[in-house]
Structures are given as C-alpha cells and as structure tokens.
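Here is a colleague's note to read beside the structure, set out as numbered points. Please keep the sequence and the 3D view open while you follow them.

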Amino acid sequence: MKNTFKQNILILFVLCISQFFFAQWGTGTYWSLDGNNIMEVENGQIVSKNAMDESKSTVIISKEMLTPTGKSPLNLVRFAFSDDNQKVLIATNTKKVWRYDTRGDSWVYDIKAKTLKQIGKDKPESSLMFAKFSPDGKKVAYVSEHNIYVEDLASGETKALTTDGTLRLINGTFDWVYEEELDCRDGFRWSPDSKSIAYWQIDAQKIKNYLMLNTTDKLYPFTVPVEYPVVGEDPSSCKIGVVDLATAKTTWMNVPGDAVQHYIPRMEWANNSSQLILQQLNRRQNENKIMLVNVAENSAKTIYSETDKAWIDAKAEATGWNWIDGGKKYIWLSQKDGWRHIYALGLDGKETLLTPGNYDVIELNSIDEKSGKIYFMASPENATQSYLYEVPLKGGKATRLTSANESGTHNYDISPNGKLAFHNYSNANMFPKSDVVSLPNHKLLSGGEENPRAKSFKMPKVEFFKVTTSDGVEMDGWMVKPNNFDPAKKYPVVFYVYGEPASQTVVDRFGTGFNRLYKGSMAEDGYIYISVDGRGSPAPKGREWRKSIYHRIGDINIKDQAMATKEIMKWNFVDKDRIAVWGWSGGGSSTLNLMMQYPEIYKTGISIAAVDNQLNYDNIYQERYMGLLPEDKHYFVDNSPLAHAKNLQGNLLLIHGTGDDNVHYNNAEQMINQLIKYNKTFQLMIYPNRTHSISEGEGTGAHLASTYTKFLKENCPPGGK
C-alpha cells in the first residue's frame, strides 16, 4: 500500500487520540471514553467528530488506507478498534442472514505498520460472521459456514477451532428461531486472557423444514427450506463449549438440565478467564437460572433463580452483563415484585433492589459507576410516553432528568463517562428534534433547532384518550379525527390493532396516527382513525397488565379491544354501522378474531400476514405465552382465528406473501379452506415470494396500498353523515 505525507499525518492523529477510544461493533455511536468525541462511518471513511459540534470533524481512517493494492476502496460498513487501539477491524461486502447483515468480508488495518490485510481470504466471499479481535489484539476469530476460526495477525496463519459444523450443526452462531425470538446472533466469546473461546453449539439436525414454494423465479417451481420448529416440536439442542486455542480442543461444559428442553439465551465470561456466567430458561420459559461455570473444574452452580406463573421474557429484559464493583456484581432486570425493576445481583447470590416503587423500568440506558448513577427510561404517570431517570447505584428514589415541558417519547445515547448524551425527542403531534445534553443536569449544549422539514411536513392531529370498558379495564387510545370534523355528523371508524405482547400501538411519538397503507389522507377523506392498547400489550403498567394474557392470546386481548370499541360506539359522532379494523402479523390475527368473535361490531377487516392457527407459529414465541403441548393445546386451538371462521359475517380481505419465512403462507391457506368449508365469501391478495414485510419486488408497496385503500373505501365508505 502506498504511503503519503497526508496519510502519515492522519496516522499520527489516530495514535494521539486512540487511547480515548474503545472498540464497538455496530452502526450506532462510537463514543470516545472522555465523552467529547464520536467516530462514524462517513463517505467510506472513519471520521472523528466533536460530540457537540459535528461540523468539527477529522478523517482518521481514510479511503486511501482502506484501498487494497490495485483495487477500489473497501465499502466500509462498520468497524471496531482493538483494545490497544493499534488496529482497526473493517466489515465490508455484508449480506443478510435472515434479518440482519451479519456476514461479509473482514479486513484489518494496522495503524503503526500502515498495512491492510484481508482476514479469512481463503473462505467463501461474504461468509465471515462476527469477526472480532482477541483482547490482546494479536488475533482475530470469526465464524464461517458454521465453524469457528482464528487467524494470527502477525503470521497470517489460520486455525480451525471447530470442524464439525454443517448446515444444521451450528458453531458460534444460531438457528432461525434463536435469532428471531431470543435476539441471539453472535455466538462466541473471547476469554479475557486471549487463550480460549467460549461458544454455543446449536444442533438443529432434527428440526423439520418448512418448505416455501417459489413458483416465479424459474420455469419449474422449487422449494425453499426454512428450519422452523413449530409449537410442540422440540427445539434445537444447545450446549456451551470452551475451545483452547493452542490445541483446538473443545471441552463441553456440564450445564445441568436437558440440552433440548432448555434454552441458553445469554452467556459471557464472568469478568475473568476462569468462569463463565450464563442464563438458562426451561422450555416453558417460566424458570430462569443464572449459573456460574468453573471452566477448569467443568462444574456449574446456580447463583440466582426466579420463577413466574406466566413467563420470563429473556428477550425484552435482556441487559447483557453489566458488571459493577470490580466484577463482583452485575445489573439485572426482573418483574418478580410486580414491576420491572433494576437489581444488583452478586456472584455470591446476594441481590439488591435499586429502583423500588410502583413503576416500570422501560429500558436500562447506562451505568456510570464512577459517579454512582444508573440511567434508565420510565414513565410512571403516562404509559404512552418515555423519559430519562437516574437512580443511585446503591439504590433509592429515582429522579426524572428529562425536562418537564417536553412531553412525549425520548431516546438517549449516553457517553461512556455519563456526562453527555445524544437526545432525540418527539410526540405524536411534533416532528422529532435532536440535541446534545449534559448529564445529570440535562442542560442543552447544542442542537434542539426545529428540523427544516417540520414546517412543510403534514402532521396528523392526534388526540389521546382513555376508555374504560364494562369490565372495568381502563385502556389508553389515540384518535385522528376528520379534518373538517362536525360533531353533529357520524363518521366511520378504522381501528389499527396489534394486541400481543410483542408491540404497543398507543405511544406518544412521531409516526403515531399515520397509516402508510392508505393512499391519500384518511382525515381529509372523512375517517376517524383509532388505536387502543388492551391487556397483554407491553405497556409500562406493571406485570399483571402485561402477563394477564398468558394462555389467552386470542381471548382477553380480543375482548378488551371489542369492549373498548363498544364504548367508543356510544360517542355521538361515531357511525356504529361503519366500523373497520386492520392489522399486520399479530395484528392480522387480532383482526380476524375481532371480525369472527364480534361480527356484530366489526363490519370490515383487512388482515395482513396473520397467524391464523397458533399451532403453526414457532415454538419459542408461542409456547412462551400459551404453554406446552399436549396439556395446553386447547388454548392454542380455541383462541386461534381458525376456530371462529364459521362466524364471519363482514367484509374481509386476506393478504399474505408466499415467501414469508416468519408467518408462513400455510396460515392463509388453512384459513381459506375453513372459510370455504363454511361458505364464507371474502377477498384475497397473495404476493408471490414476498416475505413478512411484503416489500420486495417492483411496485409492491404501491400495489399493497392501492389494494388496501380500494377495499376499505368500497366496504367502509368515508365521510360524515
């Protein structure tokens, strides 16, 4: 690689500031440890910017540095620095594995040596996953085609640490359902002493394939297999191994419990090279254990356990391993006292509640051990909003830091030293604003100006309300009325619904009140657009609110929606004969159940990518909320839309993509058969080879919107009467 004077100056700059940076993969913010600067990928280069004034920037890794000899510059996607800040690991040419671009090519730029080398260049193109430096910066480990490799950066020698990986025997990463439902992707961890690697092995060899049928891309149709364990099928076997780099020998850890009937969603070195710490869930996902594994002795002991009558959500409450007190304690989230709270758990088994009170922690943001503070999101007074709070690291009363005059939903990206934060803020009637604030006083340091787009952007006029059902359930809702609203007239109502534990629809933030599937303006055309959140939604209203849906997806959530709609139908300006509902995925399922269980209320429905039969969905998600077969089968069957198809009376449009690897197309066909059986007429729109998002292919988005809008207008005419 050719060196220039300019390049040498840049390298000196990197070496001068590199002591302040830490390594982090991702497309988010790369903070300096002093909290004053960030690094970003910009125009194919790594740029350092002043956190309070991003116009003050310096290119620290240039395109020239990232240009292999005789080739074009690398297309830089993300990067990470080694712990000694002398090398940069570059990810490029990335490709998706299911949802995210977690495989690609990897390169290392050595700042002192001024060299650029490709890692794993003998492996297939774009096959490297989760490449990362060893803590001593001398090696890079990665996964390729389900085996783990390590490459010595000085010699270039590559060693296979596993050799048994196949399409279904997976080392160092995960199968489809672990990724989809437990957010597990990166499946190996370097030991702090750089001498060994701990990793997951997932044995999916017994998982059956769901065969998607592609009938358009070739003259003859062909199948596309997806490893997919449905309800009642055993999950993949999961075990933890520790491989010694010197010998490439793996020792399998003796973790108590059947490897098939338990999940291990979290694992890490316990802040040293002699112990692992891991989280284990039982198949029903209502027993949670934290174990310490002594690697040398190959023995495990449980240091914390928790049970719940419903479920423990390892995905929603995952915090990673946030170590405090010199690695003697870690921070954990739990709902065991009825609210989602932050705890300090010790390796000795002792625990301390840090956020006492009748409120939920929405999200853990940052731990500033030096200042003795924990930052987190909460909204004790309004479950549709979110604000920044702090609490002493020793526990105590939480203090709101977000300004009292900024109602809505807030997000913070806090610097490692806890002194600065990038702050984004919006509400349903306000275009988002961004600024930089100091902490803990939340003083505005820069930004905060109105976005230039805000003046020309047409915002819906969203009104929030509460409705109490005849069962005494108080629900939050939002509404967008017609532009020329006349309270003396009666208007059609379109309900947007989800209704399951995975998502909350009633939130006070930008985007609420929009309907991207409607061509034109619902408000201008004369529709009232409404959404309400019932029990089972993940709103910060306490454990009982969220987990009352256990065994009852398709029951309690549907009843709450219908009973809220009955109250809304009493409003003088609502036309009770023009009530429509629509939803996507779980919302599509809710739409079907509402149309079929309460046909006297809902006259028109649009169901997109719905789970029509709960037995069709993946085991981790559906069993978490509905139980296990065979003893709980009646909950799945009785609460599925399929069981109520005979009751359909209104106008129904079914929409599904045949290439949906999440909610498979067989759901739609089972519903079609059931509707035919009972002589129920309906309309159907199938999108060949489109996935769950129904976004692929030229013209798809526009066609979907046209189909949605035409059906709605024809069957639930707009306008006041």
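1. This is a predicted model, and a good place to begin is with two aromatic residues, F495 and Y602, which are both buried. W176 and Y228 are likewise both buried. Each of these two couples forms an aromatic pair, as the next points describe.

2. W176 and Y228 make a tilted pair, with ring centres 4.9 Å apart and an angle of 40° between the planes. This pair joins distant parts of the chain, since W176 belongs to helix α2 while Y228 sits in the loop between β17 (222-227) and β18, 52 residues apart.

3. F495 and Y602, by comparison, meet edge-to-face, at 6.3 Å centre to centre and with 75° between the planes. Here too distant parts of the chain are linked: F495 lies in strand β38 (residues 491-496), Y602 lies in the loop between α6 (586-597) and β41 (604-608), and 107 residues separate them.

4. How many aromatic pairs does a search of the whole structure find? The search gives 34. One aromatic cluster is formed by W176, Y228, W311, Y550, Y617, Y621 and Y625.

5. Turning to the nonpolar residues, the largest nonpolar core has 50 residues, and the members that touch the most other members are Y178, I240, M253, L276 and L278. Among the elements that give two or more residues to this core are α2 (176-182), β18 (237-244), β21 (275-282) and α7 (619-626). A second, separate core holds 41 residues, including V467, I528, A564 and L675. In soluble globular proteins, nonpolar side chains tend to be buried together.

6. Y178 deserves a closer look in the 3D view, for when its neighbours within four places in sequence are left aside, Y178 is in contact with D183, C184, I202, C238, H262, Y263, I264 and I620.

7. Is N282, a residue of strand β21, buried or exposed? N282 counts as buried because its relative accessibility is 13%, which falls under the 20% limit used for that word. The side chain of N282 reaches the backbone nitrogen of E287 at 3.0 Å, and, not counting residues up to four places away in sequence, N282 touches Q261, H262, Y263 and E287.

8. Finally, two lysines place their charged ends over tyrosine rings: that of K123 sits over the ring of Y149, 4.2 Å from its centre, and that of K336 sits over the ring of Y343, 4.9 Å from its centre.

Note on methods: Residues numbered from 1 in each chain as written. Predicted model: local features only at pLDDT ≥ 70, side-chain atom pairs only at ≥ 80, totals over all residues. Heavy atoms only, no water. Core = buried A, V, L, I, M, F, W, Y, C linked by side-chain atoms within 4.5 Å. Buried < 20%, exposed > 50% of the residue type's maximum accessible area, 1.4 Å probe, protein only. Helix = DSSP H or I, 4+ residues; strand = E, 2+ residues; numbered from the N terminus. Contact = heavy atoms within 4.5 Å. Phe/Tyr/Trp six-rings, centres within 6.5 Å; stacked < 30°, edge-to-face > 60°. Lys NZ or Arg CZ within 6 Å of the ring centre and 35° of its normal. Polar contact = N/O pair within 3.5 Å; in protein donor to acceptor, adjacent residues only side chain to side chain.
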